[in-house]
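Got the viewer open and a selection box ready? Let's walk through this one stop by stop.

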Amino acid sequence: MKSKLINDAPQKTWALVFDKGDEVIQGLKQFARENNLSASQFTAIGAFSDLTLGFFIPAKKDYKHIPLHEQVEVLSLIGDISLGDQGPMVHAHVVVGKIDGSAHGGHLVSARVMPTLEVILTESPVHLRRAHDPEVGLALINLQT
């Protein structure tokens, strides 16, 4: 992944370009760690060759994984990065299009880029932390911290 700071004030904004084979969620976490990001949002377009979507099942407090092992276009990828107990946490939702024009979407669990993914990431001036909510079963943004 390559990155370039494209705006420095009042908020920092980067352009990130993921290369063929890069794993998206891990790449975003690494970028957040390296740049000390504690709250940011991002949008992206591009394509994947392999991805896993997730659909949250409240009764199980877990995600149903939906693997797609084929070339897809990233029609929309939006998300945020906040801090969790183990460092940066990425929460992203994606809609992808298949060759037949059908679309699939959900929580982005993992994805391999093919051939590129173009991300615009903007840092927020306020820190956001996630805390595990045992009732829901997820780490949710906690506005009290």
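**Stop one: a proline inside a strand**

Select Pro115 to begin: this proline sits in strand 7. Keep in mind as you click around that you are looking at a predicted model. Now add Met114 and check the peptide bond that runs from it to Pro115: the bond is cis, with omega near 0°.

There's another cis bond to visit, this one from Ala9 to Pro10, again with omega near 0°. Where does Pro10 lie, if you go looking for it? Zoom to the loop between strand 1 (2-7) and strand 2.

**Stop two: along strand 7 to Thr122**

Head back to strand 7, which covers residues 103-123, and pick Thr122. Is Thr122 buried or exposed? Its relative accessible area is 16%, and buried means under 20%, so Thr122 counts as buried.

Show the side chains of Thr122 and Thr13 together, and you'll find a polar contact between them at 3.4 Å. Thr13 is one of several residues that Thr122 touches beyond its sequence neighbours up to four places away; the others are Gln11, Lys12, Ala39, Ser40 and Gln41.

**Stop three: the nonpolar core**

Next, switch on side chains for Phe48, Leu108, Leu117 and Leu121. These are the residues with the most contacts inside the largest nonpolar core, which has 29 residues. Which elements feed it with at least two residues each? Color strand 2 (13-18), helix 1 (24-34), strand 3 (39-57), strand 5 (72-84), strand 6 (87-97) and strand 7 to see them. Strand 7 gives the largest share, six residues.

Leu108 is a good one to center on. Setting aside residues up to four places away in sequence, Leu108 touches Val24, Ile25, Phe48, Leu51, Thr52, Leu77, Ala92, His93 and Val94.

**Stop four: two spots on strand 5**

Select Val72, in strand 5. Val72 has a relative accessibility of 2%, so it counts as buried. Expand the selection past its neighbours within four places in sequence and you pick up Ala47, Phe48, Leu51, Val96, Gly97 and Lys98 as contacts. Want a distance to draw? Val72 and Thr122 are 50 residues apart in sequence, and their C-alpha atoms are 25 Å apart in space.

Now slide along to Ser82, also in strand 5. Ser82 is buried too, at 1% relative accessibility. Residues that touch Ser82, leaving out those up to four places away in sequence, are Ser38, Gly87, Pro88, Met89, Leu128, Arg130 and Ile141.

**Stop five: the largest pocket**

Select Tyr63, Met89, Val90, His91 and His107, then show a surface. You're at the largest pocket, which holds about 330 Å³ of space. Those five are the closest to its centre among the 13 residues that line it. By class, the lining has nine nonpolar, two polar and two charged residues. To see where the lining comes from, color helix 1, strand 6, strand 7 and strand 9 (138-142), each of which supplies at least two of its residues.

**Stop six: positive phi in two loops**

Time for some backbone. Pick Asn36, in the loop between helix 1 and strand 3. Its phi is near 55°, a positive value in a residue other than glycine. Is Asn36 buried or exposed? With a relative accessible area of 65%, Asn36 is exposed.

Then jump to Lys61, in the loop between strand 3 and strand 4 (62-68). Phi of Lys61 is near 55°, again positive without being a glycine. Lys61 counts as partly exposed, at 38% relative accessibility.

**Last stop: Asp133**

Finish at Asp133, in strand 8 (residues 129-133). Its relative accessibility is 25%, so Asp133 counts as partly exposed. What does the Asp133 side chain reach? Show backbone atoms: the side chain reaches the backbone nitrogen of Glu135 at 2.9 Å and the backbone nitrogen of Val136 at 3.2 Å. Not counting residues up to four places away in sequence, Asp133 touches Leu138 and Leu140.

Methods:
Residues are numbered from 1 along each chain as its sequence is written. This is a predicted model: local features need pLDDT of at least 70, side-chain atom pairs count only at pLDDT 80 or more; totals for chains, interfaces and linings use all residues. Side-chain values use heavy atoms; hydrogens and water are left out. Helices (H or I, at least four residues) and strands (E, at least two) are DSSP runs, numbered from the N terminus. Buried means under 20% relative accessible area, exposed over 50%, partly exposed in between (1.4 Å probe, protein chains only). A polar contact is a pair of N or O atoms within 3.5 Å; within protein, one must be able to donate a hydrogen and the other to accept it, and residues adjacent in sequence count only if both atoms are side-chain atoms. Contact means heavy atoms within 4.5 Å. A nonpolar core is a set of buried Ala, Val, Leu, Ile, Met, Phe, Trp, Tyr and Cys residues joined through side-chain atoms within 4.5 Å. On a 1 Å grid over the protein atoms alone, a cavity is a set of points where a 1.4 Å probe fits but cannot get out, and a pocket is an open set with protein on both sides within 12 Å along at least five of seven lines; lining residues have an atom within 4 Å of a point. Grid points are joined across faces, edges and corners, and a volume is the space filled by probe spheres set on the points. Ala, Val, Leu, Ile, Met, Phe, Trp, Tyr, Cys and Pro count as nonpolar, Asp, Glu, Lys and Arg as charged, and the others, Gly among them, as polar.
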